Protein chains: 2
Amino acid sequence: MPARAVVLLSGGMDSATCLALARDQGWSCHTLSFDYGQRHRAELAAAEGLAASLGAADHRVLRLDLAAIGGSALTDPLIEVPEAGGSGIPVTYVPARNTLFLSCALGLAEVLDADVIYAGMNAVDYSGYPDCRPEYLAAFQAMADLATRRAVEGRPVRIEAPLIDLSKAEIILAGNALGLDFGLTVSCYQADDEGRACGRCDACSLRRAGFAAAGLEDPTRYQ
Amino acid sequence: MPARAVVLLSGGMDSATCLALARDQGWSCHTLSFDYGQRHRAELAAAEGLAASLGAADHRVLRLDLAAIGGSALTDPLIEVPEAGGSGIPVTYVPARNTLFLSCALGLAEVLDADVIYAGMNAVDYSGYPDCRPEYLAAFQAMADLATRRAVEGRPVRIEAPLIDLSKAEIILAGNALGLDFGLTVSCYQADDEGRACGRCDACSLRRAGFAAAGLEDPTRYQ
């Protein structure tokens with residue numbers, strides 16, 4: 001039986017590429033998505049399709065009521081999702097989101113006896129998010145090395161973030177090389193129910209520029 | 001306006017004492033409980049009553065579907081809750097639970113602009129739980145110091161675990177000195193809907209022994 005990996009899968013390009021990489025490394029991939037009250041529900045459908053398309057051993061959706069906490073344009077209907085541009089930490093930042101997602105993955109990894117967690121964090125395009133930085137991930141690993149039964153037994157779960165230093169174009173080229181169909185992914189913060197993108201938000205701009213820089217055809221469907 | 005604290009409140013004795021201590025320190029206390037599919041639902045009712053009784057500024061219940069992950073007697077109906085005794089990491093250990101709870105508290109602290117999180121972890125009675133150890137909490141703090149917008153701004157959220165080194169009897173005496181009514185707390189892993197305890201599980205044994213050692217009358221209601 002191949003060793004197990006928990007793969008965080010949002011339905012976007014980065015986590016899909018991450019899943020393709022994990023599979024390519026020979027892991028049996030157990031994908032985990034979150035229903036956290038995000039506006040862009042098409043993400044969840046995309047994640048399910050990607051898990052099937054990329055041969056995940058199983059796919060889980062964990063409900064996590066972040067809207068009860070609020071504080072982000074992605075979960076709070078009172079905060080408007082901005083069009084592209086702006087600097088600093090974006091209003092689409094969800095407080096402690098990656099900490100929460102990695103923590104859930106850690107719990108699942110322990111239950112499944114998985115050796116590794118694959119996460120698609122990326123420090124290049126998300127430089128405004130504190131929890132996408134390499135030093136943050138190193139600190140999470142140090143905490144995880146003390147947090148679990150596996151850790152006490154000397155077999156801590158390893159966190160892999162293979163995209164951390166890649167540009168969007170490099171991520172697209174890596175996924176493309178592994179046969180990933182980016183038409184199955186959804187990036188837009190305001191995608192409609194069929195996964196069609198708005199073409200105007202930050203996420204749409206990054207995605208379009210990424211395909212252009214990679215020199216590949218952009219399979220994104222727009223509204 | 002007094003500065004804000006997020007207080008993790010389970011409905012048990014430790015977190016109730018923690019809330020009493022935080023209030024005594026002058027914090028405006030925002031309590032946070034989790035509906036994580038735990039068997040002992042009476043905990044949640046107890047938490048609500050304690051928040052009101054101890055003057056919390058507000059009380060939130062966050063739904064977190066840990067049963068979707070499984071792996072613990074507290075959330076998995078197929079794993080039996082043991083009677084008192086046994087050694088090592090108990091089957092009532094919920095994988096990565098404290099990491100998840102602290103992560104949610106961290107997100108809420110950021111949204112509320114709270115300076116501190118109070119958590120009732122205790123290394124004495126829960127020595128079998130990897131995520132109740134001081135070294136684990138220090139590692140969580142180091143991670144939190146990099147994880148949030150507040151941290152980037154040089155104002156990281158501080159995690160306080162004032163019970164970490166106290167025995168159950170010392171916790172009871174501390175709560176008692178602050179006027180906490182322990183009759184409002186529920187410890188039993190198998191409490192009935194009215195919060196009456198089984199009297200046989202590990203949690204019941206620890207609680208009973210704690211009151212005896214503290215020399216105080218035990219207000220626990222039994223089934």
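# Exercises on a two-chain predicted model

The crossing of α1(A) and α6(A) is left-handed. This is a predicted model, and the exercises below start from that crossing.

**Exercise 1. At roughly what angle do the axes of α1(A) and α6(A) cross, and which residues meet there?**

Step 1. Find the two helices: α1 of chain A covers residues 13–24 and α6 of chain A covers residues 168–177.

Step 2. Look at their axes, which come within 9 Å and cross at roughly 40°.

Step 3. Name the arrangement. Angles under 35 degrees count as roughly parallel, and 65 to 115 as roughly perpendicular; α1(A) and α6(A) are therefore oblique to each other.

Step 4. List the partners. From α1(A) come Met13(A), Asp14(A), Ala16(A), Thr17(A), Ala20(A) and Leu21(A), and they meet Ile171(A), Ile172(A), Ala174(A) and Gly175(A) in α6(A).

Step 5. Sort this contact by class: seven residues are nonpolar, two are polar and one is charged.

**Exercise 2. In what order do the five strands of the open sheet in chain B stand, and which strands are at the edges?**

Step 1. Read across the sheet of chain B: the order is β3-β2-β1-β4-β5, with parallel pairing.

Step 2. Go to the ends of that order. β3 (58–63) and β5 (158–160) of chain B each have a single partner strand, so one side of each has no neighbour in the sheet.

Step 3. Check the twist: on average, neighbouring strands are turned by 25° against each other, direction ignored.

Step 4. Zoom in on one pair. Strand β4 of chain B, residues 116–118, joins β5(B) over three bridges in the parallel sense. Here Tyr118(B) is opposite Glu160(B) of β5(B).

Step 5. Add the helices. α3 of chain B (residues 97–112) packs on the sheet and touches β1, β2, β3, β4 and β5 of that chain, at about 160° to the direction of β1(B). α1 of chain B (residues 13–24) lies across β1 (4–8), β2 (28–35) and β4 of chain B, and runs at about 170° to β1(B).

**Exercise 3. How many residues does each chain give to the contact between chains A and B, and which element of chain B gives the largest share?**

Step 1. Take the totals: 37 residues come from chain B and 37 residues from chain A.

Step 2. Find the elements of chain B that give two or more residues to the side touching chain A: they are β3, α3, α4 (134–147) and α5 (149–152).

Step 3. Pick out the largest share, which is the nine residues of α3(B).

Step 4. Sort the side of chain B by class, and you get 23 nonpolar, six polar and eight charged residues.

**Exercise 4. What turn lays chain B on chain A, and how do the two α3 helices pack?**

Step 1. Superpose the copies: a turn of 180° with a shift of 0.0 Å along the axis lays chain B on chain A, with an RMSD of 0.0 Å. The two copies are thus related as by a two-fold rotation axis.

Step 2. Locate the axis. Leu64(B) comes closest to it among the residues of chain B, with its C-alpha at 2.6 Å.

Step 3. Compare the surfaces: 100% of the interface residues of chain B are also interface residues in chain A, so the copies meet through the same surface.

Step 4. Turn to the helix pair. The axes of α3(A) and α3(B) are 9 Å apart, and the helices pack at an angle of about 170°. That makes α3(A) roughly antiparallel to α3(B).

Step 5. Identify the residues in this contact, including Leu100(A) and Cys104(A) of α3(A) and Leu100(B) and Cys104(B) of α3(B). By class, the contact has six nonpolar, six polar and no charged residues.

Conventions. Residues numbered from 1 in each chain as written. Chains lettered and ligands numbered in written order. Predicted model: local features only at pLDDT ≥ 70, side-chain atom pairs only at ≥ 80, totals over all residues. Pairing = 2+ DSSP bridges. Helix = DSSP H or I, 4+ residues; strand = E, 2+ residues; numbered from the N terminus. Axes fitted to C-alpha atoms, helices over the stretch in contact; angles between N-to-C directions. Contact = placed C-beta atoms within 7 Å. Parallel < 35°, antiparallel > 145°, perpendicular 65-115°, else oblique. Left-handed = near helix turned anticlockwise from the far one by under 90°. Nonpolar A, V, L, I, M, F, W, Y, C, P; charged D, E, K, R; others polar. Least-squares fit on C-alpha atoms with pLDDT ≥ 70 in both.
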